[in-house]
Amino acid sequence: MSANPRVSIHPDSAVLMAAIAARLITKLVDVQDKHGEATVVLTGGTVGIGTLKAVADSPAAPAVDWSRVNFWWGDERFVGKDSQDRNTVQAREALLSSLPVDPARVHEPGSSDEFATAEDAAVDYAARLKAAAEAEHAADTSDNRPEEAGELPRFDVLLLGIGPDAHIASLFPEQAGIRVQDRTVVGVENSPKPPPSRISLTLPAINSAQEIWMVVAGEDKAGAVGLALAGANPIQVPASGPSGRSRTLWLIDENAASRVPQQLIRKDPAGA
């Protein structure tokens, strides 16, 4: 993980989600000013979806040109397209349906209505990520343009929740997905958390993001947060693995921080 992750602790989950929403709006505006568009990788879960609702409710939301935001997901449940289990469905209800987004910029992982297996959907998602990277490369006229396009577009902000078992996206402790280094997306079977079939970015794909924001609330996550910040092995504690290219932020509430030794916490000023 990042040698110096920044940690910002908030009094409760409601304050936390509002703070993440405000930070995200500001970041998207800044990135659009620099690049003309911005890309965010969304997460599900209580904090992830609650944050999206807080963005929708924010009076500052119109400051973002939502038609120039690209949306991807870190993972998805391999179920029917309209299933309430899907992170994409919950994101549409919380935020996307109320914004003037460009549907062509909303990149939902495939569903069981479209593909026979999670692995098939993972291959498709990886191909779409590569196509986006190639289009981004072709449009880049800067002096520092790489010679060849990579496998992934630029991820400006990637949001990640963690589970009580310290899983991230759909990468679970000791399972095959967290060990994959040579792919950007994997199909996950036999997930210990239902539903059993999922699609997930791999850890190298996650770590391609400019900024990774670990968004966590609740006493049940405190042990996982403590282990991750202590630098545990990512195979056993996947939450210790994310490390953004520019920075890694832990945005957590006091309950989630309750078992983290104070010497491991470098509190980050609000909004920094």
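Which residue is the bridge partner of R77 in β7? It is R198, and this pair is a good way into the small sheet described here.

This is a predicted model, in which local features need pLDDT of at least 70, side-chain atom pairs count only at pLDDT 80 or more, and totals for chains, interfaces and linings use all residues. Residues are numbered from 1 along each chain as its sequence is written, and side-chain values use heavy atoms, without hydrogens or water.

**The sheet and its helix**

Three strands form an open sheet in the order β4-β7-β6, paired antiparallel. Strands (E, at least two residues) and helices (H or I, at least four) are DSSP runs numbered from the N terminus, and two strands pair if DSSP finds at least two bridges between them. At the edges are β4 (75-77) and β6 (185-188), each pairing on one side only. From one strand to the next, the twist averages 15°. β4 is joined by three bridges to β7 (residues 198-201). Helix α4 (residues 118-139) lies across β6 and β7, at about 165° to β6; contact means heavy atoms within 4.5 Å, and angles run from 0 to 180 degrees between N-to-C directions of axes fitted to C-alpha atoms, for helices over the stretch in contact.

**Backbone details in the loops**

The loop between β6 and β7 holds P195, and the peptide bond from P194 to P195 is cis, with omega near -5°. Two residues other than glycine have positive phi. Buried means under 20% relative accessible area, exposed over 50%, and partly exposed in between (1.4 Å probe, protein chains only).

| Residue | Phi | Loop | Relative accessible area |
|---|---|---|---|
| A166 | about 75° | between β5 (157-160) and α5 (176-179) | 3%, buried |
| N190 | near 60° | between β6 and β7 | 62%, exposed |
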